[in-house]
Each structure stands twice: as C-alpha cells, then as structure tokens.
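This report describes the fold of one protein chain and the surroundings of its ligand. Please keep the sequence and the structure in view while reading.

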Amino acid sequence: MAENVEVTRSHNTTPTAIPPTNNAHLLSSSNNSSSPSPNSSTHPSHPSLHHSPPPLHGHEATFVRPADLLRPRAISRPLTPARSDRPIDRDERAGLKAIRDFLRVRTCYEVLPLSFRLIELDVGLTVKESLNILVQCGIVSAPLWDSTTSTYAGLLTVTDYLNVVRYYNLHADKLKDIDSLLLSDLKDVEKVLNVKAPETLSVSPEAILYDALRKQLVSRARRIPLVSYDSDTQRTMVTSVITQYRILKFIAMNVKETDMLRKPLETIKLGTYGKIVRCSMDTTVLDVVDEMVTKNISSVPVVTTEGVLLNVFEAVDVIEILKTGDYGNLTWTVGKALSARSQNHPGIYCCSFEDGLDTIFETIKKSRVHRLMIVDDNNYLKGILSLSDILHYLLVEGHEEPNQA
Ligand code: ATP
C-alpha cells in the first residue's frame, strides 16, 4: 500500500542511527546523497527519483527529508510568465470549483472513516494523567467531558501543554504542585499567561462540510469537534473530531479534479515566506515553546546559520519530552530533544516553489502530512506551507470558475 511505502521510506531516514551525544550528527540519516533512493526501483519511469541534491555545505548527513520524492523533477514545472487566461489558469479555477462543489454537498460525518475510536477525557483528570493517556493511545488531542454537568467541555490540544510549560517556567515556585494540576485548572493557567482561551467551535455531524470549514477558518480552531444533541435526553454528545489532515485527505481521495491544481505555489502565493520563525540545534526547547505560543504556530524549522533546513521542531515533540515527567528536560536543546524522538517519526515533508497543489494532494493521499517546508534546490528554507494555508486557499483565496449561464 502506498501509505506503507512512505512509512518504510521514513524509517530509513529517522534519526535513529545517531550518536545521541553529538548534536552535529543528531539527525544523520541513511538517506544522504550517496544512498540510492529506497523507492527508485519501483519508479523506473522517473529518472529524477535518482536525483542527488547538490552538496549542503557539510550538512548532507544532517538533513532529514523522507519525502524527497515529493517533487520529482520530471513533473516539476518551470515558471512561465503570468498571462491572464492560460489553460493552467482555467484548470485551476475549475479544480477549485470542483472541490468547493464537493464540499457543499458533503456532511462532516462523511469525513469520518468507517470505523474509528473516540477517547474523551474527564476534566477531573490531572494534566499528568491526561498526558499518559495521550501517549499510551498515540494521540495528540482529545475532547474534554465535564461529568458534573454532562457536557462537552472543549478540546484538549498540544497548545494546552505548551501553556502549562510556559506557566511553570514563569512560576517555578509552583512546580511542586504540578502533579495535582487538573484539566479543569487549565483555564486559570490561560488567565495567568494572559493567552486567549482555546476556540470552542463545534458543529453537528450533519453540518455541511463547506459551512463547517468556513466557520473553522474564521476561528482559531485547527480541529472540528462533531457534537450532536440528543433531544430525548437533552444532552450533547461528542461523535468525533475531524482534523485538517483528514479533511484534505477526504478531498484528495474523492475529488479527481485536484490534479487540475497545477499552478505553482509561488504564483498563487500560497504559504508563509516572510518572517519565518526558525531556530538552531542549540536553541532551548523552552525558547522554541515561547515562540510557538506567542506566534500561535505549531512548528519551528531548525536551520543552519546559512539557512539550510535540517529538521523541524513540532509542538507535539513537547509531549514526548513531558511524558518523562521531568519538566527540567525542557531546558534541553532542540538537537537533544529531536534525538529523543520516536523511531516512528515520519520525518519532514518538503516541496518547492514550483510545486502545485496537485503534487501536494498526491502526497496527502499517501502520507500523514502535517505541513510542508518549502525549500530550494540546495535545501535552503524558503517558506512554510501549513494545512490551514491549503484549506484557506481552497475555500477562500483561490478564484473558482464562475457558474456557466
Ligand atoms: P496545525 O499545524 O496545528 O494543524 P496550522 O495548519 O494552522 O495548524 P500552523 O503551524 O499553526 O499550522 O500555521 C499557522 C500559520 O502560520 C500558517 O499560515 C503558516 O504558514 C504560518 N507558520 C507556520 N509555522 C511558521 C513559522 N515557523 N514561522 C512563521 N510562520 C509560520
């Protein structure tokens, strides 16, 4: 299965074979330029899959890029001067219209897989207990349930743990009480930090997907809890939570017109290019967490002094550190934290300015992508493409084909 291919590829590139004491080699991988691509034999028609990137000024061995094959040169398109109504423009508009039409006739419930599990946490649990449950279940977020009122009490996400980290960093004297901090106390943590409470958006499972997504885009929510109301018992019930990835995968699997979205990211100005928050292997995790909370972002690229991308520190990496129960570990450097990552980490997905959403949707079909780093041919970081950027373009920014009279 395609998904397994990606996972296998990722295993070849995770930072497992790395001496943990030497930051300079923390992220070395078997996927350096001298190794043949693990997939090369399965794609003989794509000579570019054998492509070896040019030397990275001594950083070849530290670059983790399992999705090297995302932009095979054979199908990357050179930029052409913009003209008003080329076939590529018409196709882009038609592709966007097909996606929006599809979302307008689908309900949120349809996004859910045939079988799924729902893990709901009671707000009476301690933060420590919740962390153990998330780690044991391999999830990074869960709906909260208030059993005293039998109501849905919001969504617990990695941002809550980042807030807890910041709180104890500012109030080290309170660290002794950390084990008794309850999920219901998180509201107080937000108040002390003066950060906005998490978005409480929720929709009915029967809501039209297009409407739910428009609602999500104007809020700060990155996931949509599906909450239904039982008129017999007059109680609400959480059915599931849909993520941005699941929605994009749903589109990728069901709308063939995604292959019409060929306009390069650079042309459609998709992604963030200016003022990218970055860090080095020597930055402390605490400093990165501060940046993520204040800038409201969920990842920070790790780059060399020259700007070559080495890896990406993600908000979920903090869970891995906190699960040890030792908050002192947050003084670790990013390099050390990345070396403690699970061997199953899927790695970093990259693309170029010249990629269109068509190739990106192909990757989304096959792999659990959280975001893509936009790099040039020498792996210099140029931009970041988040899943919310893609959804925003699909629903709001891109111009769709007008309805024919
Ligand atoms: P999530 O990844 O949590 O599901 P998301 O898809 O919104 O949420 P974020 O990382 O929160 O992704 O990105 C929010 C916005 O900030 C996007 O427009 C993205 O391009 C931009 N962004 C992401 N990371 C950075 C960064 N390190 N520096 C600057 N901008 C960033």
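In which sense do β6 and strand β7 pair, and over how many bridges? The two strands pair in the antiparallel sense, and five bridges connect them. The model in which this pairing is seen is a predicted one.

**The β6–β7 hairpin**

Strand β7 covers residues 309–314. Between β6 and β7 lie five residues, and the two strands form a hairpin. In its turn, G307 has a positive phi of about 100°. One bridge partnership can be named: V302 is matched with N311 in β7.

Strand β6 is mostly covered, since five of its five residues are buried. In a regular strand, side chains alternate between the two faces of the sheet. For β6, S299, P301 and V303 lie on one side, and V300 and V302 lie on the other. Both faces are covered, as all of these residues are buried.

**The overall chain**

The protein chain contains 13 helices and 10 strands. It has 405 residues, of which 36% count as buried. Among the contacts with a separation of 6 or more, 68% join residues that are 24 or more positions apart.

**Two open sheets**

One open sheet consists of three strands in the order β1-β2-β3, with mixed pairing. Its edge strands are β1 (121–122) and β3 (151–156), and each of them pairs on one side only. Strand β2 comprises residues 142–146 and runs parallel to β1. By contrast, β2 and β3 run antiparallel. The hairpin of β2 and β3 has four residues between the strands, and S150 takes a positive phi near 55° there. Strand β3 is mostly covered, with five of its six residues buried.

Another open sheet has three strands in the order β8-β9-β10, and its pairing is also mixed. Strands β8 and β10 stand at the edges with a single partner strand each, so one side of each has no neighbour in the sheet. Strands β8 and β9 pair in the parallel sense, and C350 has M373 in β9 as its bridge partner. Helix α13 packs on this sheet, where it touches β9 and β10; its direction makes about 65° with that of β10.

The table lists strand pairs with their bridges and the direction of pairing.

| Strand pair | Bridges | Direction |
|---|---|---|
| β1 and β2 | two bridges | parallel |
| β2 and β3 | four bridges | antiparallel |
| β6 and β7 | five bridges | antiparallel |
| β8 and β9 | two bridges | parallel |

Individual residues illustrate the sheet that contains β2. D122 stands opposite W145 in β2, while D146 stands opposite T151 in β3.

**Helices α7 and α12**

Two packed helices are described by the angle between their axes and the distance between the axes. Helix α7 (residues 244–254) and helix α12 (residues 357–366) pack at an angle of about 105°, and their axes are 9 Å apart. The two helices are therefore roughly perpendicular to each other. On the side of α7, the contact is made by L248, K249, A252 and M253; α12 contributes F361, I364 and K365. By class, these residues are five nonpolar, no polar and two charged.

The buried residues of α12 are L357, T359, I360, F361, T363 and I364. They pack against α7, β8 (350–351), β9 (371–375) and α13.

**The surroundings of the ligand**

How many residues surround the ligand, and which are the closest? There are 17 of them, and the closest are T272, V277, S298, S386 and S388. At least two residues of the shell come from each of β6 (299–303), β10 (381–386) and α13 (387–397). Helix α13 gives the largest share, three residues. The shell has six nonpolar, eight polar and three charged residues.

**A loop residue: T283**

Residue T283 lies in the loop between α8 (265–268) and α9 (285–295). Is T283 buried or partly exposed? T283 counts as partly exposed because 18 C-beta neighbours lie inside 10 Å, whereas a buried residue needs 20 or more.

Leaving out residues up to four places away in sequence, T283 touches V288, T333 and V334. T283 and V334 are 51 residues apart in sequence, yet their C-alpha atoms are 5.8 Å apart in space.

Conventions. Residues numbered from 1 in each chain as written. Predicted model: local features only at pLDDT ≥ 70, side-chain atom pairs only at ≥ 80, totals over all residues. Pairing = 2+ DSSP bridges. Near = placed C-beta within 6 Å. Nonpolar A, V, L, I, M, F, W, Y, C, P; charged D, E, K, R; others polar. Axes fitted to C-alpha atoms, helices over the stretch in contact; angles between N-to-C directions. Parallel < 35°, antiparallel > 145°, perpendicular 65-115°, else oblique. Contact = placed C-beta atoms within 7 Å. Buried ≥ 20, exposed ≤ 12 C-beta atoms within 10 Å, placed from the backbone.
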